[in-house]
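Trainee: I have a new model open and would like to learn how to read it. Could we begin with the overall fold of a chain?

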Amino acid sequence: MSKVVEISPTTRHEGHSKLVLKVNDEGIIERGDWLSITPVRGVEKLAIGKTYEQVPKIASRVCGICPIAHTLAATEAMEASMGVEIPDDAYLLRIILQCANRLHSHALHDILALPDMYLPGTDSKINPFSPEEPVRSVAKRIQTLRMIGQTIGEIAGGEAVHPSNPRVGGMYKNITPRARTKIYDLAKQALPLAREQMEFMIAVFENYAKRDWAEMCGREVAIPKDLGFHQQGYMATDPCYGSSSLDEHPTWDPARWLEVRPWDWYMGEEEITLEDPAYPVGGTTKAGGKAWPQMQACTGVPLYDGQPVEVGPRARLAMYRNYDRKGAIGLNIAREMEYMDSVYKMIEAADALNTSGSVVADVIPQGDGTIGWAANEAPRGADVHLAKVRNGKVEWFSMLVPTTWNFPTCSRALTGAPWELAEVIVRAYDPCVSCATHMIVLDEDNRLVAQKLLE
Amino acid sequence: MEYLGQYKAVYKAKAGCEDILSKAQDGGIVTAMFAYALETGIIDGAIVAGPGEEAYKPEPMIATTVDELLAARGTKYSISPNMALIKEATRSYGLDKIGIVGTPCQIQAVRKAQLYPIGMRDVPDKIALALGIFCMENFPYQGLYQMVEDHCATKIDNVTKMDIGKGKFSVYTERGVNAQIPLKVTHKYEQPGCHVCLDYVANLADISTGSVGTPDGWSTVFVRSAAGEAAFNKAVDAGWIIAESMDGVKPGLELVTKLATEKITKNQKYIEHRAHAEHEALKPLRNPYI
Ligand SMILES: Cc1cc2nc3c(=O)[nH]c(=O)nc-3n(C[C@H](O)[C@H](O)[C@H](O)COP(=O)(O)OP(=O)(O)OC[C@H]3O[C@@H](n4cnc5c(N)ncnc54)[C@H](O)[C@@H]3O)c2cc1C
Ligand code: SF4
């Protein structure tokens, strides 16, 4: 007989979500739904009628961990709709900003993921706040990497959280030679630290993969070898930056995208029949309560070729580097493997940057309502924004953010895991639930209208 | 003392270098201190009031060379929003140790940003040297333009120096023409916001300087903070600044105190006036100090 257990809220990720899990007698998940319960803020609706300059600045506020992704994707969606080609040096500054944000974001996620993990060779879990070695040095290294990522982002992007420098047409300002030197120095400082951090984290994840059990709720819970495996495909648009409809060969295809309602994808109403007050910290939802994922999920369900897909570091490595490690640990390791590239890429871009080059397009047409899209490879995966701009005003705007893509995929990946480890799988996706929560638009027949707009 | 703020020492001083003095407003203290601080790494750039598009219309700029500092010498009696660059200096300019010059109100803004950094991330710990200049009042550019072009009957593009002192607003040109008008003529052009200002000698700066109190070509200098003291003493030792005791200097601190007292008492009265309904708006007006 299956039972239903609910973990609400989930922790150590951005935003507000919960897990509704149908488990068998052994506590193994038969069907799991991971869903956003973050209130819809409706950025896409309120964007309508506003200027193309302000919408990317509002979109940035969707999330404070990856505001770079939303700023750049929204700005570039406007540029794609309006047909604006930005100067090379503006593009290079955007790349530096992009890599700086990825560096900080991945490092931040290490802090969130570590408490599930064990110090290799021991049975003690890692508390990143512990004043003891070796954890203390790891925490310091993470903070240094984040400081570097934030500082470089601030120099190239004007601000580390909600970058001020990007604008439709390029950037407001180029940087001075002194600022470029500072970027170099910081990136050089980051190189050995990023390598050490990557190696440390991979060792920690590999160690977890080899373990038979993890301590949860005061008992030993068996770790399956296929923890977090799923059969969904991957979607990525670039190993580092992204793509847009202005590209000669765009790497994302809106014709393959379809969005359905949570109604079509999530479980119906369920009664909670299993509770565990020992689940850290504060227990699971009390038995007798009701959960209704179909109604409660605050995201749409985007599909690519008719299926949910995984986006993020592993999707990028799988599509561009033949990476093939599956499961929660495979995803965590892929994320670590992106450290070095993000540092090297910003050094390359700083090298190529001409600090006296122009950073704003000479001509900025005001838009004729053409649809344009831009995909930004956010730390958590492809963040696709679509826009129609006419006479300087946004007519239509849609955001398909990484965690929205991952919600249904990760839900499927829960099957086969002990319910106590469901959050370990969720965290492997580095979820950003505020990002994921957006409005879905239905017509009279309850069909999604976004698809129609593209025709 | 309370009208002059807290200070560790006060001097009669001027720059040790003729190049700086040639076009400095008074003793060239601001330019000399920043030049010394740049050369020795105390700062890696300074926010100054640079030349703008129109004559005597200042434009805030970040000077990272002595040449740029020299180009910004001299008083422009008009608003130069130097604080507008404070954050940008730490961003696209990549500065770590910022110098900034400003009127007392601008130095207040610097300190407020350091203690209450609202939207001022990374600014608080990057202020290395804040130099304040004495200030009785300031003028919007249109007002200044009218004072010069109409009241002084001088084309503003030809002006080489402006100066307020001894109750007069004076304008000098290359041809030596010197027009002077009594200050009471200029009152109506003052920036209204200056009438609630309770700081004359930049009380919150690391070092403040002005012309009042010392003879022409010299400046009155208050050394206030520990950082200001360290930088000033080193600049004196290195010969960038010549500093002498204020003892016996005429008109000296007596005049500075007198003017500071006048400014503060007058403006304090105006603030109280605003708080009462006899103000022409017929309702109490906001008081930023409470
Ligand atoms: C509006 C105003 C009112 C003043 N009122 C008095 C007064 O009542 N009594 C008095 O003794 N002194 C007053 N001063 C100060 C005086 O005119 C000199 O600026 C001061 O003595 C410094 O001279 P210096 O030779 O050391 O500076 P310099 O080496 O000539 O350098 C002057 C510095 O001041 C900066 N600066 C110029 N104009 C402005 C501005 N509008 N805002 C901010 N920074 C500016 C320049 O960029 C430059 O860096 C006033 C200055 C201003 C701007
Ligand atoms: S009088 Fe006060 S408010 Fe006006 S410019 Fe001078 S310092 Fe600023």
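Mentor: Happily! The radius of gyration is taken over C-alpha atoms, and the globule rule is 2.2 Å times the number of residues to the power 0.38. Chain B has 290 residues, so a compact globule would have a radius near 19 Å, and the 19 Å of chain B agrees. Its C-alpha trace spans about 55 × 50 × 45 Å along the principal axes.

This is a predicted model: local features need pLDDT of at least 70, side-chain atom pairs count only at pLDDT 80 or more, and totals for chains, interfaces and linings use all residues. Side-chain values use heavy atoms, without hydrogens and water, residues are numbered from 1 along each chain as its sequence is written, and chains are lettered from A and ligands numbered from 1 in the order written.

Trainee: What percentage of the residues in chain B is buried?

Mentor: Buried means under 20% relative accessible area (1.4 Å probe, protein chains only). In chain B, 50% of the 290 residues are buried.

Trainee: Which residues surround ligand 2?

Mentor: Here a residue counts as near if one of its heavy atoms lies within 4 Å. Among those around ligand 2 are B:C105, B:C135, B:C194, B:C197 and B:K263. Ala, Val, Leu, Ile, Met, Phe, Trp, Tyr, Cys and Pro count as nonpolar, Asp, Glu, Lys and Arg as charged, and the others, Gly among them, as polar. The shell around ligand 2 has six nonpolar, three polar and two charged residues.

Trainee: How many helices and strands are there in chain B?

Mentor: Helices (H or I, at least four residues) and strands (E, at least two) are DSSP runs, numbered from the N terminus. Chain B has nine helices and eleven strands.
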